[in-house]
Amino acid sequence: MLNRFSQARQQLAALTRSNYGTLRGWVRHMLAQLELLAGRVDAHIALPAEPVHRLVFVCLGNINRSAFAEWVARGQGARVCSLGLSTTTGAPAFPTAQHTAGYFGLDLGQHQATDFSDYRYQPGDLLLAMEIRHVKQLQARGIPAQAIVLLGAWSRPRRLHLHDPATLSDAYFFSCFTLIHSAVLNLCAELRVRGSASMQP
């Protein structure tokens, strides 16, 4: 019985690591679900009524999640950039991010991070955050609330909290990038149907 319990714990831990990164990642995912159920993120899970002219992907370091999202969107013909809330402008994509992007036919070798301090908001920018706390940080830094959405609202399955894969397993990098990839494709498809100026003809 103890052996079976131990095996079950190990399997659960492995599933958590590969799908959510860490236990903290799973907890933040569940907290995000509660925020959704409470209606506190409704304003950030749908495209705004205002026209979108440029997609701006946001994470912490701009070397993993938002970097990958930017290059997926570029492949869809989008007007796009990305930034990090706390990074060094010019930093390259993380080696595991570059390796994982290759599975999706993308090369992040030319990516250079942009710190928020080097970004200038323009009307028509749609900032796509990876986590609810990023939404709050962007608002605190003066970005209009209506210009910020959660990228994971477009992923399949929906994942409002896209946990940072930095220093985590290759398996989670792939899971995270798979979610981001689906989210960007679905987002771009919706914008294209709307005739958005963010999607180049």
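Q: Where is the place of Pro-157?
A: In this predicted model, Pro-157 sits in the loop between strand E4 (148-150) and H6.

Q: What makes the peptide bond from Arg-156 to Pro-157 cis?
A: Look at the omega angle: the bond from Arg-156 to Pro-157 has omega near 0 degrees, and it is listed as cis.

Q: What about the phi of Asn-62, positive or negative?
A: Positive, at about 55 degrees, although Asn-62 is not a glycine. You'll find Asn-62 in the loop between strand E1 (54-59) and H3.

Q: Why are H3 and H6 called oblique to each other?
A: Start with the angle: the axes of H3 (residues 65-75) and H6 (residues 170-194) cross at roughly 40 degrees and come within 9 Å. Roughly parallel needs an angle under 35 degrees, and roughly perpendicular starts at 65. Roughly 40 degrees fits neither, so H3 and H6 count as oblique. As for hand, the H3 and H6 crossing is right-handed.

Q: How do you know that H3 and H6 meet, and which residues do it?
A: The cut-off for contact is heavy atoms within 4.5 Å. On the H3 side that gives Arg-65, Phe-68, Ala-69, Val-72 and Ala-73. On the H6 side they meet Cys-176, Phe-177, Ile-180, His-181, Val-184, Leu-185 and Cys-188. By class, this contact has 10 nonpolar residues, one polar and one charged. Arg-65 is the charged one, because Arg counts as charged, and His-181 is the polar one, because His is among the others.

Q: What makes H4 oblique to H6?
A: Same recipe: the axes of H4 (residues 95-102) and H6 come within 10 Å and cross at roughly 60 degrees. The perpendicular range runs from 65 to 115 degrees, so roughly 60 degrees makes H4 oblique to H6. H4 passes H6 in a right-handed crossing.

Q: Which residues of H4 and H6 meet?
A: H4 brings Thr-96, Ala-97, Thr-100 and Ala-101, and H6 brings Asp-170, Phe-173, Phe-174 and Phe-177. They divide into five nonpolar, two polar and one charged. Phe-177 of H6 turns up here and in the contact with H3 too.

Q: How many cavities of 30 Å³ or more does the count come to?
A: One. The largest cavity has a volume of about 30 Å³. What makes it a cavity is that a 1.4 Å probe fits but cannot get out.

Q: Which residues line the largest cavity?
A: Tyr-20, Gly-25, His-29, Arg-159, His-161, Leu-162, His-163, Tyr-172 and Leu-179. H2 and H6 are the elements that give two or more residues to this lining. By class there are four nonpolar, four polar and one charged; Arg-159 is the charged one, because Arg counts as charged.

Q: What is the volume of the largest pocket, and what makes it a pocket?
A: Its volume is about 150 Å³. A pocket is an open set of points, unlike a cavity, where the probe cannot get out.

Q: Which elements supply at least two residues of the lining of the largest pocket?
A: Helix H2 (23-37) and helix H5 (132-140) do. H2 has the largest share, four residues. The lining is made up of Arg-28, Leu-31, Ala-32, Glu-35, Glu-131, Ile-132, Arg-133, Lys-136 and His-161. His-161 lines this pocket and the largest cavity as well.

Q: How do the residues of the lining of the largest pocket divide?
A: Three are nonpolar, one is polar and five are charged. Arg-28, Glu-35, Glu-131, Arg-133 and Lys-136 are the charged ones, because Arg, Glu and Lys count as charged.

Definitions and conventions
Residues are numbered from 1 along each chain as its sequence is written. This is a predicted model: local features need pLDDT of at least 70, side-chain atom pairs count only at pLDDT 80 or more; totals for chains, interfaces and linings use all residues. Side-chain values use heavy atoms; hydrogens and water are left out. On a 1 Å grid over the protein atoms alone, a cavity is a set of points where a 1.4 Å probe fits but cannot get out, and a pocket is an open set with protein on both sides within 12 Å along at least five of seven lines; lining residues have an atom within 4 Å of a point. Grid points are joined across faces, edges and corners, and a volume is the space filled by probe spheres set on the points. Axes are lines fitted to C-alpha atoms, for helices over the stretch in contact, and angles run from 0 to 180 degrees between N-to-C directions. A crossing is left-handed if the near helix is turned anticlockwise from the far one by less than a right angle, and right-handed if clockwise. Angles under 35 degrees count as roughly parallel, over 145 as roughly antiparallel, 65 to 115 as roughly perpendicular and the rest as oblique.
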